[in-house]
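I opened my notebook to look up cysteines, aromatic rings and charges over rings. Here is the model I was working from.

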Amino acid sequence: TMSAFAAGRLLFNLPCGMFADTYGRRPLMIAGPAVTTIGMLWSYTSGGLGELLAARAVAGIGSSMFMSGATAMLADLSTHGNRARILGANQAAVLAGAAAGPALGGAIAGAEGMSIRSPFLAVAGLSSLAMTHSYFKVSETRPMATAVDDTVKPSKHWYCDGHPIENPSEVLEGEGVVKPVVVADASTAQDAAMGRLVKSVDFWSVCGLNAALFFSGAGGRGTLLPILAYQSFGFTPDALGALFSAMAVTSLLGLGPAAAITDAVGRKAVIAPCVIMSAASVALIGTTTDPFAFTAASILWAAAGSLMGTAPAAYAADISPKNIRGSALGIYRTCGDVGLLFGPLALGALADSAGIPAALGANAALLTLAGGVFHFTAREIKRDGGAKSAAALGSSQSHKSHQRTA
């Protein structure tokens, strides 16, 4: 059923992102929980495996709708200086839900008068509350279209050549050089922005890194690690649960400090050492015969992921033009969902044919490759302060005015 849920998300990430760019974020944040509610109620009443898989796919579509609106909205509300912390708060909530969900679901299913299907009703109720909250409390944040001037063709520089544009009437070209830009047509601007984005090495390198991280998390941590813990180190179900709880707590506790560091020193400065730490942890997990080293490496893996936190997502939002931010983040999430879907299948097949240590070694190699490609091809976003940009713009306009007067 997880694959059906992931498939629903995978297929609808980009369409929902495009919808967010065209019609706004708020409709998705209302409709997404509504669709999830329908999927959960259908799961509760499903009469067979095929029907259950279809219902889970509907729930995945609802999740994609909500996340498309929510991530674009958070990116709209944040700036380069606080984006990692804003996204980190959202990720902390997701991690807390993921950590508490299985325990609460088990408690609900085991309560008197309840059944194994009862957790679906509980999630449907929570989704309905989220829909109601979005309807009454959430305001639209989609950037408004810029002024139209049919006499001026859109400047190619407006569409983010590796640099984010917070103000669509200006663009930073080089060190502190600001050039006013006029957009002739909003739809043409979106098409041109997407054309430039899909050619951006910065964008595809961070998307590839996101795919590798989800591939590793679902295939390595979620699939191979518990099998290895049971088969090679004799972990009981209780011990395995304690290990995963320790990893979840480590991930949750590290998000806040990691997000602050990411905003302070930059995205690439955080990502590189964390990818190295993750790859080393995975390699150690696959080669050690000491249960204490295995446990320490597992927690170190969680710590590395926590310290990396929202740096990749913040980087993707940084380099996404505002007018196609929903679509850009939809592509970014789609790459992650591809990794989420194929990670368990690929690493599981490799483990069956060559053994779990070999599969974990391949996992570590993939992380190293994706991290290396990102580090050596993607550019760090360095932005001058608003005062400097405004001063440069004012100086440029003053100089042009003086030339006209002369």
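**Cysteines**

I started with the sulfurs, keeping in mind that this is a predicted model. My search of the whole structure turned up zero disulfides.

What keeps Cys-335 from bonding to Cys-207? I checked the gap: the closest cysteine sulfur to that of Cys-335 belongs to Cys-207 and is 4.1 Å away, too far for a bond. The cut-off I needed here is 2.5 Å between the two sulfur atoms.

I then looked up accessibility. Cys-335 is buried, because its relative accessible area of 18% falls under the 20% limit. Cys-274 also counts as buried, at 5% relative accessibility.

**Aromatic pairs**

Next I turned to the rings and found six aromatic pairs in the structure. One of them joins Phe-19 and Tyr-23, with 4.9 Å from centre to centre and 40° between the planes, a tilted arrangement.

I wanted to know how Phe-19 and Tyr-23 are placed along the chain, and where. They sit four residues apart in helix α1 (residues 2-23), so about one helical turn separates them. Are these two rings buried or exposed? Phe-19 is partly exposed, with a relative accessible area of 32%, whereas Tyr-23 is exposed, at 56%.

Another pair I noted is Phe-235 with Phe-294. Their ring centres are 5.7 Å apart and their planes meet at 70°, so I logged the pair as edge-to-face. The angle is what decides this, because planes over 60 degrees apart count as edge-to-face.

Which parts of the chain does this pair link? Phe-235 is in the loop between α7 (201-233) and α8 (237-265), and Phe-294 is in helix α10 (residues 291-308). The two residues are 59 residues apart, so I wrote the pair down as a link between distant parts of the chain.

I checked burial here as well. Phe-235 is buried, with a relative accessible area of 12%, and Phe-294 is buried too, with 0%.

I also asked which residue joins Phe-235 and Phe-294 in a cluster. The residue is Phe-233, and together the three form one aromatic cluster.

**Charges over rings**

Last, I looked for charged side chains over ring faces. Arg-26 lies over the face of Tyr-135, 5.5 Å from the ring centre. Arg-221 lies over the face of Trp-301, and there the distance to the ring centre is 5.1 Å.

Key. Residues are numbered from 1 along each chain as its sequence is written. This is a predicted model: local features need pLDDT of at least 70, side-chain atom pairs count only at pLDDT 80 or more; totals for chains, interfaces and linings use all residues. Side-chain values use heavy atoms; hydrogens and water are left out. Buried means under 20% relative accessible area, exposed over 50%, partly exposed in between (1.4 Å probe, protein chains only). Rings of Phe, Tyr and Trp (its six-membered ring) pair if their centres lie within 6.5 Å; planes under 30 degrees apart count as stacked, over 60 as edge-to-face and the rest as tilted. A charge sits over a ring if NZ of Lys or CZ of Arg is within 6 Å of the ring centre and within 35 degrees of the ring normal.
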